[in-house]
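Q: Please take one part of the structure below and go through it closely, step by step. Which atoms hold it together, and where do they sit in the chain?

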Amino acid sequence: MPATAQTTVERRRFEITGIVQGVGFRPFVRALADRHGLAGRVGNTGWGVEVEVEGDGDALDAFASALVREAPAAAHVDRLTQAVVEPRGERGFAIAASRAGDAAPAVGPDLATCDDCLRELFDPHDRRHRYPFLACTACGPRFTVVRALPYDRERTTLAGFPLCADCRAEYEDPADRRFHAEAIACPACGPRLSMDLDEAVLLLRGGGILAVKGLGGWHLACDAADEEAVARLRARKARDAKAFAVMTADAEALVELEAEERALLRSAARPIVLARRRHGAPVAAGVAPGSPWLGVLEPYTPLHHLLLRDAGRPLVMTSGNRSDEPIAVGDDEARARLASIADAFLGHDRPIHRRCEDSVVRAGRPLRRSRGLAPAGLPLPAVAARPLVAAGAQLKSTFCVARGDRAWISPHLGDLDTDGARRAFRADLELYLAMLRLRPEVVAHDLHPGYASTAWALRQDAELVGVQHHHAHAAACLAEHGVTGPALAVVLDGTGYGPDGTLWGGELLHCDLASFERVAHLEALPLPGGEQAIREPWRSAAVHLERADRPVPFERWALVRQSLAVNAPLSSGAGRLLDAVAALLGVRSAVSYEGQAAVELEWLAGATAAEPYACRRAGDALIGADVVRAAHDDLAAGRPRAQIAAAAHEGLAAAFATACAEAGGPRTVVLSGGCLQNARIAASLERRLAGEGFAVLTHRRVPPNDGGISYGQAAVAAARMELPCA
Ligand code: ZN
Ligand code: ZN
Ligand code: FE
């Protein structure tokens, strides 16, 4: 018979980092310890959660493996470390008070209203029936209400709403799903609406425009089926073509959804999902003029749920701003800035601490990584030995803060073309640095001297790291896949500053995180009038047609051509080639938002089958004008425009796939740049490169557009820190 097993008591300390505060992690740990018969304690710290448990060794092992495996759904464990410590002979298990400590952002993104809270919202017997601010540990605001860490109510914007006795009892009961839910509230003690909800609903149903205070800023809402209301909103917002998003409780009725998209729409992040519009969907034509796509999102706050249910119809839900300014956040700011747009303001007295616009996803690719996703950290495959800030680009601005092997991208800030946007950049960065409690020692920036982000970087008292725009795009894609390279990178973009002083944007790079080499690129052609050529795609068509020895059909060319002598920077941008084809086909000769001509060219091409137009190579240069010549000749011959558009898309993709094959290695290709938002180009490149036997990495977590630049800059700067000093 075996001797009776000697039970030895062990004690272990676990340190858990990631999104582990305000998500029910401590009660989960306590329940887990109870289940395994372990004593000890758990507490929040400045960097995450600390657990000490003691008991039998096997039980400790089982406890340790369940800590990550069974963690609450809203939690995300980045790292778990354990150490053996001296047993203390404790009995029972305690939840210890929070203590501040070393910095790390343990606050998670804002989460959509959970099913349990939703049931209460519409349960006439619940004390929170129709209360627009209910929340629990599994849902509600976080990032947008947190002022400082550790994440506790006193450090949120709800600090001014002391809990009533009922809420306090829930908050302090470890068995309650609101145990330490920092954002909880009820009609007796919590925030209130500034306007009667019934009046707001009446206004919407009558075709009015309502400003609605959301989680990370104000929205403008109107009846999505009301053509006149939508037209009024467009006129007042000074936005003539760019699509509006539609909030609906039944997305399936408006768009065709793949299983992945459906899951994304209902996920706690609740992004706007761009999906194919259903034929006959009850949405005004003015919501997304001419587009076969529609951006839809489901309600994500209790207030949205109430509005949608009472209005009984889908609502346009667009950022509370004019054109591409940052979204309005403060109540006074919103009332001032949106006064000429909104007919009424549905606000409330829970302050928003941080701006955070809705995220946007298309075909699994984030086009805007913001509410619901920020500030979740991303891995950095190179270690940032010193804290760094990457300033990002100019359009679709984000910044990125990094330390060690983690990076945190800011929410979407909009374009840095206005004073308001530049103020938002500085203010939001200060908030981030305060949240992370760090001071940057290194600042990474774009090479473009005209970017406001570059100008900001150059004023900082820190070591500066300049990162070429398209290297940053490529590095962002490498880094989000946790790889350092070397790899080939196809970066198809609008414009970015090249080290040779020309504008780059149709690039095949051979790179790793720290460095790059230009292997091939679209032939650089002049941009007559500089920036003006980006707003007027017909100018790109003219230079491509001239290069292709074809007549230029645009009347103004005779005059504009003179600008070639004075203001015509050279550009290899893939966006300009798409612009040229779009203008040639009569799709659009002038644009009202970035990339509009290329976007509409993609609509025209749709899924039309076509062989690629051939594109010669001369040295490093791919002759993009060949594509325009073929398009011109086909158009003259009467070929359907959709086929021409399709052949041009395929031609661009085929030219770069061939150039990759000719490069002879490495065998991994990353795809990035603004043109990779174009699903036709992305799919064609992926298919062709896979056919050539390449491993292809595409963006899944970070935007391929300039919203991902800051993260790429951070990855490059971190990789360069790792290099031995020269
Ligand atoms: Zn909830
Ligand atoms: Zn209460
Ligand atoms: Fe770019």
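A: What follows is a description of the zinc site. This is a predicted model, in which local features need pLDDT of at least 70 and side-chain atom pairs count only at pLDDT 80 or more, while totals for chains, interfaces and linings use all residues. Residues are numbered from 1 along each chain as its sequence is written, chains are lettered from A and ligands numbered from 1 in the order in which they are written, and side-chain values use heavy atoms, with hydrogens and water left out.

The zinc ion (ligand 1) has as its protein donors the SG atoms of Cys114, Cys117, Cys136 and Cys139, at 2.2 to 2.4 Å (donors are N, O and S atoms within 2.8 Å of the metal, or 3.2 Å for Na, K and Ca). The angles among these four donor atoms run from 102 to 117°, and the site is tetrahedral (for four donors, all angles between 85 and 135 degrees). Along the chain, the donors of the zinc ion (ligand 1) are spaced as C-x2-C-x18-C-x2-C. Cys114 belongs to the loop between β5 (93-95) and α3 (115-121), and Cys136 to the loop between α3 and α4 (165-172), so this pair ties together parts that are 22 residues apart in sequence. Here helices (H or I, at least four residues) and strands (E, at least two) are DSSP runs, numbered from the N terminus.

Both ends of that link can also be described by their exposure. Cys114 has a relative accessible area of 15% and is buried (under 20%; exposed is over 50%, partly exposed in between, with a 1.4 Å probe and protein chains only). Cys136 is buried as well, at 4%.

Technical notes. Tetrahedral: all angles 85-135°; square planar, octahedral: opposite > 155°, others 65-115°.
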